[in-house]
Amino acid sequence: MRTSLFRSIKSLSNSTSSSHLLRRCFSSESVPDRKVAVLGAAGGIGQPLALLMKLNPLVSNLALYDIANTPGVAADVSHINTRSEVAGFVGEEQLGKALEGCDLVIIPAGVPRKPGMTRDDLFNINAGIVKGLCQAIAKYCPGAIVNMISNPVNSTVPIAAEVFKKAGTYDEKKLFGVTTLDVVRAKTFYAGKAKVPVAEVNVPVVGGHAGITILPLFSQATPQANLSDEHIIALTKRTQEGGTEVVEAKAGKGSATLSMAYAGAIFGDACLKGLNGVPDVVECSFVQSTVTDLPFFASKVRLGKNGVEEILGLGSLSDFEKEGLEKLKPELLSSIEKGIKFANQ
């Protein structure tokens with residue numbers, strides 16, 4: 001599940017031309033043109049995410065949209081000497097233009113978490129924002145892959161699915177809840193405790209994207225380390241509460257924006273690689289699934305030209321993980337049903 005995105009960025013920064021790098025990414029001399037839109041591009045996640053997507057050599061056209069301040073963000077990012085052309089769009093009247101022709105739409109739009117706020121507290125505001133944006137996606141780029149970052153993901157992904165169903169454009173293979181930040185945290189925390197190089201670590205994270213619905217499978221972590229049960233419990237809890245850790249550390253002045261932008265860029269890069277036919281691209285994501293009895297579930301998925309090519313099973317779980325899986329199901333189901341109900345109001 002490792003990505004070469006940031007190795008690519010380093011190569012770009014060390015070269016006067018990106019053409020050699022683009023040729024290295026593909027056997028063909030020509031790299032496919034891909035338009036990517038970031039909806040909510042002027043926000044705390046959107047701005048660093050826009051920067052990271054501008055640095056991605058797989059992006060040829062970057063559309064930045066928000067309800068205000070996007071022209072300035074677009075002007076700033078557009079001065080970076082990488083392949084993609086950048087355009088900023090502001091206000092609902094320009095949303096359609098931002099979305100037309102998109103291959104990938106990334107949605108970090110919404111209000112951030114504040115101290116004492118749960119992801120569920122964000123629901124009423126962010127659910128309405130997501131619903132409106134997805135209605136526009138269904139109209140202007142119905143075939144695009146959609147990466148949902150807006151919280152609570154456990155509810156916003158089902159909202160998007162219902163909106164697309166009503167519009168007659170729903171493709172379960174092309175709607176993803178971005179849970180990559182849970183994986184990034186699990187890798188980082190595990191590497192620190194196991195004292196192994198973080199770049200070599202893989203940890204699947206399954207379930208959902210809030211609190212106890214986040215279930216890191218440290219029993220499947222590589223490289224394996226002989227950690228105690230107490231260490232595994234502590235690592236699991238820290239992964240589940242990583243967002244709260246950042247919110248509290250910022251003392252009311254922000255949430256996990258930079259790490260989320262990084263995670264969003266990693267997953268967006270994986271989707272683009274899949275679209276371009278790069279083999280064996282596997283990431284964890286919250287998708288429509290039959291892995292459990294829940295309608296949506298995060299697990300490892302293989303990405304390809306059609307979005308989800310294969311949803312991988314959970315593998316062998318420890319007793320602690322089996323217990324965690326059963327505990328998370330009622331809460332995750334409640335969040336899914338809440339999203340479906342909102343979308344159908």
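This is a short guided tour of the structure, stop by stop.

**The whole chain**

Start with everything in view, and keep in mind that this is a predicted model. Show the protein chain as a cartoon and you can pick out twelve helices and eleven strands. Now turn on the surface: the accessible area comes to about 14,700 Å², and 51% of that belongs to carbon and sulfur atoms. Of the chain's 345 residues, 55% count as buried. How much of the contact count comes from residues 24 or more positions apart? Among contacts with a separation of 6 or more, such pairs account for 70%.

**Helix α3**

Next, select residues 46-55, which make up helix α3. Eight of these ten residues are buried, so the helix is largely enclosed by the rest of the structure. Which residues of α3 are the buried ones? Show side chains for P48, L49, A50, L52, M53, K54 and L55, and add G46 to the selection to complete the buried set. As you turn the helix, here is a handy rule: an α-helix has 3.6 residues a turn, so residues three or four places apart point the same way.

**Strand β10 and its two partners**

Move on to residues 296-304, strand β10. Seven of its nine residues are buried, so β10, too, is largely enclosed by the rest of the structure.

Add residues 281-288 to bring in strand β9, which pairs with β10 in the antiparallel sense over eight bridges. To see one of the pairings, select S285 and its bridge partner in β10, S299.

Then add residues 307-311 for strand β11, which runs antiparallel to β10 and is joined to it by four bridges. Here, try selecting R302 together with E310, its bridge partner in β11. What do β10 and β11 form together? They make a hairpin, with two residues between the strands. While the side chains are on display, remember that in a regular strand they alternate between the two faces of the sheet.

**The cysteines**

For the last stop, select the cysteines. How many disulfides does the structure hold? The count is zero. Zoom in on C141, which is in no disulfide: its nearest cysteine sulfur belongs to C102 and lies 5.0 Å away, whereas a disulfide would need the two sulfur atoms within 2.5 Å. Is C141 buried or exposed? With a relative accessible area of 5%, C141 is buried. Finish at C271, which is also buried, with a relative accessible area of 2%.

Technical notes:
Residues numbered from 1 in each chain as written. Predicted model: local features only at pLDDT ≥ 70, side-chain atom pairs only at ≥ 80, totals over all residues. Heavy atoms only, no water. Buried < 20%, exposed > 50% of the residue type's maximum accessible area, 1.4 Å probe, protein only. Contact = heavy atoms within 4.5 Å. Areas by Shrake-Rupley, 256 points an atom, 1.4 Å probe, with all protein chains shown as cover. Pairing = 2+ DSSP bridges.
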